[in-house]
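Please open the structure in your viewer and keep the selection tool at hand. The stops below are meant to be followed in order, with a pause at each one to look around.

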Amino acid sequence: MQRYFIPPGQLTASEAVVTGDDAHHIANVMRARIGDSIIVSDGASREVRATIAELGKGRIVAAVAEELPMTAEPGMRVTIAQSLPKGDKMETIIQKGTEIGAVRFIPFLSERTVVQYDAKKETKRLERWHKIAKEAAEQAHRNRVPEVEPPQTWKQLLQSVREADAAFFCYEKEAGTMLKRKLRSAIEARGGANGMNVLLIVGPEGGFSEREAQEAEAAGCVPVLLGARILRTETAGLVGLTCLLYEAGEMGG
Ligand code: SAH
């Protein structure tokens, strides 16, 4: 059954109103008819099965038929902090990271970030990233759409380390400190992975500088190795995320 995220104000006790691109999708792509069922989520606290009652142009009204349990969200809340990669790699990271189960993405700028950052284009790009997260969340049957933050500076990112229960700094030069061991002790110290906020920091194509590695550690990050192979920047976050969620028992483990 097709699912759609709608703004919370459009989901009442008895009806769900779908507008915009999603209304177009229901009417013209899915060619839905009155009486067909869809799943609608407000992305926050409710998800329902609803039957289509009105098929208007750009506005579809569906009657709430059943409240559904929200069980698709992982207990461990992983944020991928990703040094802005080249081209459209950030889109791939958001799309795949959403499927796997990340709850938030923070792009950031680091010393060796190769892309030219254009603040003027930021609003458009952020909108596109949000759209990708929403569509991937719908496709993956998530209950919530992951957040995508506007790009931060390295300094700003290091400030958010304090808010996390554990912050892992992916550093291919950190021989000997494997993610698994560090994660296990962090989970143990917290008494479980449920509700744990984890920050996973991934460097750019050219890697982190030694100074950044020192600053990250000083800010409270734990440097970790993701294995003996060097992963591309767009692979590292997805691999790290999968390892974290596997260890938390969220990947069918
Ligand atoms: N230093 C290399 C590669 C950078 S890989 C170079 O100069 O080409 C890009 C990013 O992916 C790194 O900054 C790191 O955060 C992450 N990464 C890749 N492979 C990794 C590994 N085996 N362990 C930990 N992090 C890794």
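This tour goes from the domains to the interface between them, then to the ligand, and ends with a salt bridge inside one domain. Keep in mind throughout that the model is predicted.

**Stop 1: the two domains**

Begin by selecting residues 3-67 and giving them one colour, and then residues 77-247 in another colour, since the domain assignment names these stretches domain 1 and domain 2. The centres of domain 1 and domain 2, taken over C-alpha atoms, are separated by 33 Å.

**Stop 2: where the domains touch**

Turn next to the boundary between the two colours, where nine residues of domain 1 are in contact with nine residues of domain 2. Between them the two domains bury about 740 Å², and 45% of that area is on carbon and sulfur atoms.

How many salt bridges does the rule find across the interface of domain 1 and domain 2? The rule finds one, and to see a salt bridge here you can select Lys134 together with Asp22, whose closest N and O atoms are 2.7 Å apart. As background, side chains of opposite charge can pair when their charged atoms come close. Across this interface of domain 1 and domain 2 there are also five residue pairs in polar contact.

Now select β1 (3-5) and α1 (20-29), each of which supplies at least two residues to the side of domain 1 that touches domain 2. It is β1 that gives the most to this side, with three residues. If you colour the touching side of domain 1 by residue type, you will find three nonpolar, two polar and four charged residues.

**Stop 3: around the ligand**

Move on to the ligand and show the 19 residues around it, of which Cys170, Glu172, Leu226, Arg229 and Leu231 come nearest. Select Glu172, where an N or O atom of the side chain is 2.6 Å from a nitrogen atom of the ligand. At Tyr171, look instead at the backbone, where an N or O atom lies 3.5 Å from a nitrogen atom of the ligand. Then pick Gly206, which has a polar backbone atom 3.4 Å from an oxygen atom of the ligand.

**Stop 4: a link between two strands**

By the rule used here, the count comes to 16 salt bridges. One further pair to select is Arg49 and Glu66, which form a salt bridge with their closest N and O atoms 2.8 Å apart. Arg49 lies in strand β4 (residues 47-56) and Glu66 in strand β5 (residues 59-68), so this pair ties together parts that are 17 residues apart in sequence.

Notes: Residues are numbered from 1 along each chain as its sequence is written. This is a predicted model: local features need pLDDT of at least 70, side-chain atom pairs count only at pLDDT 80 or more; totals for chains, interfaces and linings use all residues. Side-chain values use heavy atoms; hydrogens and water are left out. Domain bounds come from an automatic or database domain assignment. Contact means heavy atoms within 4.5 Å. Buried area is the accessible area (1.4 Å probe) that two parts lose on being put together, summed over both. A salt bridge is a side-chain nitrogen of Lys or Arg within 4 Å of a carboxyl oxygen of Asp or Glu. A polar contact is a pair of N or O atoms within 3.5 Å; within protein, one must be able to donate a hydrogen and the other to accept it, and residues adjacent in sequence count only if both atoms are side-chain atoms. Helices (H or I, at least four residues) and strands (E, at least two) are DSSP runs, numbered from the N terminus. Ala, Val, Leu, Ile, Met, Phe, Trp, Tyr, Cys and Pro count as nonpolar, Asp, Glu, Lys and Arg as charged, and the others, Gly among them, as polar. A residue is near a molecule or strand if one of its heavy atoms lies within 4 Å of it.
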